Amino acid sequence: MSNGRHRVVVVGGGFGGLNATRYLKDAPVDVTIVDRTNHHLFQPLLYQVAAGLISPGLIAPAIRATIKKQRNARALLGEVKDLDLANKVVKALGPDGRPLDLEYDSLVVAAGASHSYFGKDEFAEFAPGMKTIEDARYLRDGILSKFEMAEMATDPVERAEWLTFVVIGAGPTGVELAGQLAELAHLVLPQEYRTVDTTEARIILLEGAPAVLPPFDEKLQKYTKAHLEKMGVEIRVNTLATDMNHESITVKGPNGVETIRARTRIWAAGVQASPLAKMLAEKTGAELDRAGRVSVNPDCSLPGHPEVFAIGDMVSLNKLPGVAQPAMQEGKYVAKLIKARTTGAPIPPPFKYFDKGSMATIGHKAAVADAFGYKFTGFIAYLMWGFIHVAYLVGWGNRLGTLYNWAHSLWFSKSRGHRIITFERTMVELDENRKKGRAPVVLPGSKPSLADEIDAAEGAPKTA
Ligand SMILES: Cc1cc2nc3c(=O)[nH]c(=O)nc-3n(C[C@H](O)[C@H](O)[C@H](O)COP(=O)(O)OP(=O)(O)OC[C@H]3O[C@@H](n4cnc5c(N)ncnc54)[C@H](O)[C@@H]3O)c2cc1C
């Protein structure tokens, strides 16, 4: 693709990378956007995939489709393994493992973040998190399978374990997940099960800080807590997960240490920047913070490398939160800067963030929002939340499809149209589990096989 024009390589097709690419559409440059997935993921609605409310495709359009009209951009499917800043080459591997060497004149790294278990990486086996489409599908399989298991359990103690869901972390994602679990158990599923009363489900939300939604205003925190409790969610603040296994979680809170029997634990607590942030820090001498984010200059460039930019969740800049708006605005900013450099236009001043507020949805027609200097709660906040999220989805088809799903599920039938349990790659892990004499579980990286779980649970399925 090199024809003497300025070459820009963008690593990551998330909020930051896609914005950088799109805002370069009128620049005299050739852009290559490389991502290890083929889709641009709208992470804020992942929890709705996990709850079977919407289908994955609605929030994950193909990256190449999002830039199909942008003639100066191309998309490549590849995992970036190395950033050779000295020779200005990005080294990636294609889907079949073939090496891809991508030469650049400007580089934008927007590789995002993944989960952090705060040094307790062993928790990953027992409490999967949610960052990718695969994660959300996996959680959906796991959550729905637990209700199926409860339907078959004859022992009330075991049934209670299948029906106990613990969400760790009460930030927006944890709150949204807990709300969805409560809706599933109390509104959607009760009519469909014959043996189990799904309203007996226990949904426990753990938070280490003194309140839910820690960064939000106190009024919004109180509203969220009260609303979740009304929905049947048990909230425990000042409480930390100290241990867990496939059947339980041990927590330490104001009332001491307690072990809760629960077959489902979901991690919604910490984030860790992409390893590419550490790579950039090591190669440029930039600082790395505790979440593994690399410090960038006020114009998002790396020390000693004005042609290399890092943006979004993987950077630390002006104490900005790891949410979509900073990533999008930084993407737009670096595109403007590269365009100015390549056209001779005035160089823009350092990046300045415009705070558009924050919001979180709690459940059926309720949300909280902090925007335009005001605090909103309830249905009005829910409408604001819905409007903003739909507006930022990529593609009209996805926007309309999402609206249709919401309307159908929330207003007309209280159903969840995408409650599919997919059974893939499970046999080996479950066999290993059985050999170890463990109770059936949903393992990270595997998909639950209901038949195997039943088999492993009690020898043969029993219905009451
Ligand atoms: C469950 C969840 C809910 C959220 N809810 C909200 C919300 O309600 N509001 C809000 O503002 N923010 C929310 N966020 C945060 C928001 O999604 C992120 O801040 C935003 O996605 C950051 O954008 P980014 O471009 O930095 O990274 P991402 O959007 O994560 O994009 C990173 C991209 O880089 C790719 N990549 C990573 N490593 C490599 C590699 N080595 N090679 C090639 N490609 C690579 C990834 O595949 C990905 O496509 C949520 C996040 C999650 C996980």
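Me: Helices are DSSP runs of H or I of at least four residues, numbered from the N terminus; which of them each supply at least two residues of the lining of the second largest pocket?

Reply: H1, helix H3 (63-66), H9, helix H10 (378-392) and helix H11 (396-413) each do so, and H9 gives the largest share, 6 residues. This is a predicted model, in which local features need pLDDT of at least 70 and side-chain atom pairs pLDDT 80 or more, while totals for chains, interfaces and linings use all residues. Residues are numbered from 1 along each chain as its sequence is written, and side-chain values use heavy atoms, without hydrogens and water.

Me: What makes a residue part of the shell around the ligand, and which are closest?

Reply: One of its heavy atoms must lie within 4 Å of the ligand; 27 residues surround the ligand, with Gly16, Asp35, Gln43, Val80 and Asp313 the closest.

Me: Why is the pair between aspartate 313 and the ligand called a polar contact?

Reply: An N or O atom in the side chain of aspartate 313 is 2.7 Å from an oxygen atom of the ligand, and a polar contact is a pair of N or O atoms within 3.5 Å, so the pair qualifies. Likewise, a polar backbone atom of glycine 16 is 2.8 Å from a ligand oxygen, and a backbone N or O atom of arginine 36 lies 3.1 Å from a ligand nitrogen.

Me: How do you know where the ligand lies relative to domain 1 and domain 2?

Reply: The ligand lies between them, because domain 1 (6-36 + 78-115 + 271-343) and domain 2 (121-269) both give residues to its shell; the bounds come from an automatic or database domain assignment.

Key. Polar contact = N/O pair within 3.5 Å; in protein donor to acceptor, adjacent residues only side chain to side chain.
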